[in-house]
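Got your viewer open? Load the model, find the selection tool, and follow along stop by stop.

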Amino acid sequence: MTITKFEKSDMLCKRAQEVIPGGAHTYTKGADQSPKLGPKFIDYGKGSHVWDVDGNEYVDWAMGLTAVSLGHAYEPIINAVNRELLRGVNFQCPSPIEVELAELFLQEVPSAEMVKFAKNGSTVTTAAVKLARAYTGKNHVAFCSDHGFFSYDDWYISKKPNNSGIPEGIDKLSLTFKYNDISSVEKIFDQYPNQIACVILEPMEFDFPEDNFLCKVKELCRKNGTVFILDEMITGFRLGYPGAHKMLNVDADLTTWGKGIANGFSCCLLAGKKEIMELGGINHNKKRVFLISTTHGAETHALRAAIETIKITKQENSVARNKEMGTKIINEMKKLIEANGLNDHVEIKGHPCWPLMLFKDENKNLSDGYKTLLYQEMIKRGILFRGTFVSTISHDVLDLEKTLDAFSGSFDIYKKALNDKNGYKSFLVGDPVKPVFREWN
Ligand SMILES: Cc1ncc(COP(=O)(O)O)c(C=O)c1O
């Protein structure tokens with residue numbers, strides 16, 4: 001059955017944009033990120049499948065922007081969360097579960113000695129930056145410009161085209177460098193001697209570190225009295241267990257976690273060395289750092305979700321299983337790309353636990369138009385695919401077979417578009433998806 005009807009989605013989309021700026025609560029979920037012929041609202045999910053508000057069912061390879069690490073409505077998690085909900089979620093004093101999760105997490109991530117919980121990834125990356133500034137007494141922040149996103153806060157967004165609302169001059173405190181380009185890191189340390197509070201990057205995104213890059217960055221941080229921060233928001237519990245830093249054999253002064261650590265529930269955390277983290281505490285004689293202070297940061301049911309996710313991720317060996325599935329995906333996709341003669345136009349790369357596909361036009365340039373056409377054609381065939389494969393232990397061989405069939409059919413259209421004088425425009429209904437970071441709508 002071909003999926004082409006999105007009436008309820010489109011109606012909700014209109015209503016949402018009247019009452020919610022952007023119509024969604026992260027810009028990557030906005031209507032401008034979806035093909036016109038695509039679901040804008042998901043009603044519910046179970047395992048590796050989701051159903052949109054028009055009743056269309058999909059194999060889901062997006063999994064809540066990587067937050068859902070085991071599967072939608074994964075029963076052992078839901079049961080544990082339900083038990084916690086019945087006991088109340090928020091009290092005047094901390095709840096013992098805060099200590100339980102803190103101790104458990106530190107057992108799993110031995111390079112860290114203290115943790116602080118929050119509800120959003122942006123909160124913890126910004127907290128890491130603040131702590132680094134307080135610890136070092138320096139103001140500048142360096143982040144990797146090749147990595148997708150770190151925070152909606154000023155230190156990051158001030159460097160983006162959509163920086164309206166951020167006071168002029170804030171951007172001067174943020175510096176950028178390139179992944180796997182150690183000279184770009186050395187350059188900023190040379191240009192801003194003794195001024196850089198921290199360097200923050202993901203351990204890796206889609207490119208593996210080369211030539212000992214991460215250790216070299218860490219070493220430069222050591223030499224310059226700079227805090228080294230690894231953001232494990234996506235890579236944690238996904239590229240390795242507990243995170244990519246372990247797989248890549250490097251640890252950091254501070255690490256930031258969220259998304260998959262609680263199977264979609266809102267639990268993020270900042271972890272790190274006691275000497276730095278303790279500045280946010282109440283038992284020292286130094287100047288106090290108002291670190292993370294949020295009413296909802298330690299909601300008991302979300303912390304329970306994290307505790308259960310840790311247990312199940314280990315019990316089910318989910319990283320190894322995802323790697324197996326991802327390896328199959330990469331191998332099968334490579335065959336399919338080759339068989340369709342699309343080597344110059346479609347590429348698959350990255351770690352098997354999070355493969356990325358790139359879509360290129362007639363001239364072999366990356367193309368949002370062709371990418372959107374591919375999304376549209378996959379949706380028609382019952383697959384919700386947003387450029388990367390977020391596999392979980394809920395995905396099975398039938399999901400994979402259905403996905404490969406859908407790619408096969410979608411590639412037929414892709415090839416027709418490449419050979420058409422109007423390219424993707426002859427086949428795509430509506431506009432291509434737009435970049436999230438843009439100055440104007
Ligand atoms: C690497 C990384 N860091 C931080 C964040 C921010 O997380 P959140 O959306 O929970 O605020 C994201 C979100 O996409 C991310 O991918």
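Before we start clicking, one bit of vocabulary: Ala, Val, Leu, Ile, Met, Phe, Trp, Tyr, Cys and Pro count as nonpolar, Asp, Glu, Lys and Arg count as charged, and the others, Gly among them, count as polar. Keep in mind, too, that you're looking at a predicted model.

Now put those classes to use and select the shell around the ligand: 5 nonpolar, 7 polar and 2 charged residues. That's 14 residues around the ligand, and the closest are Asn120, Gly121, Ser122, Phe149 and Met233. Which element gives the largest share of this shell? Helix H4 does, with 3 residues.

So stay with H4 and select residues 121-136. From first C-alpha to last, this 16-residue helix reaches 23 Å, close to the 22 Å expected. Is H4 mostly covered or mostly open? Covered: 14 of its 16 residues are buried. Step just past the end of H4 and you'll land on glycine 137, which has a positive phi of about 70 degrees.

Zoom out for the next stop. Colour 7-70 and 317-426 as domain 1, then 75-315 as domain 2, following the domain assignment. Their centres, taken over C-alpha atoms, are 28 Å apart. Where the two touch, domain 1 puts in 14 residues and domain 2 puts in 15. On the domain 1 side of that contact you'll find 7 nonpolar, 6 polar and 1 charged residues.

Next, pick out the open sheet of 4 strands, ordered E1-E2-E3-E13 with mixed pairing. Strands E1 (42-46) and E13 (383-384) are at the edges with a single partner strand each, so one side of each has no neighbour in the sheet. Further in, select E2 (residues 49-52) and E3 (residues 57-60), an antiparallel pair with 3 bridges. Tryptophan 51 is opposite glutamate 57 of E3.

A few backbone oddities finish the tour. Go to the loop between E3 and helix H2 (75-85) and click threonine 66. Threonine 66 isn't a glycine, yet its phi is positive, about 75 degrees. Since 20 or more C-beta neighbours within 10 Å make a residue buried, threonine 66 is buried with its 21.

Asparagine 180, in the loop between strand E6 (174-177) and helix H6 (182-191), is another non-glycine with positive phi, near 65 degrees. Asparagine 180 has 15 C-beta neighbours inside 10 Å, so it counts as partly exposed.

Last stop: proline 242, in the loop between strand E8 (227-231) and helix H8 (244-247). A cis peptide bond links tyrosine 241 to proline 242, with omega about 0 degrees.

Notes. Residues numbered from 1 in each chain as written. Predicted model: local features only at pLDDT ≥ 70, side-chain atom pairs only at ≥ 80, totals over all residues. Domains from an automatic or database assignment. Contact = placed C-beta atoms within 7 Å. Helix = DSSP H or I, 4+ residues; strand = E, 2+ residues; numbered from the N terminus. Expected span 1.5 Å × (residues − 1). Buried ≥ 20, exposed ≤ 12 C-beta atoms within 10 Å, placed from the backbone. Near = placed C-beta within 6 Å. Pairing = 2+ DSSP bridges.
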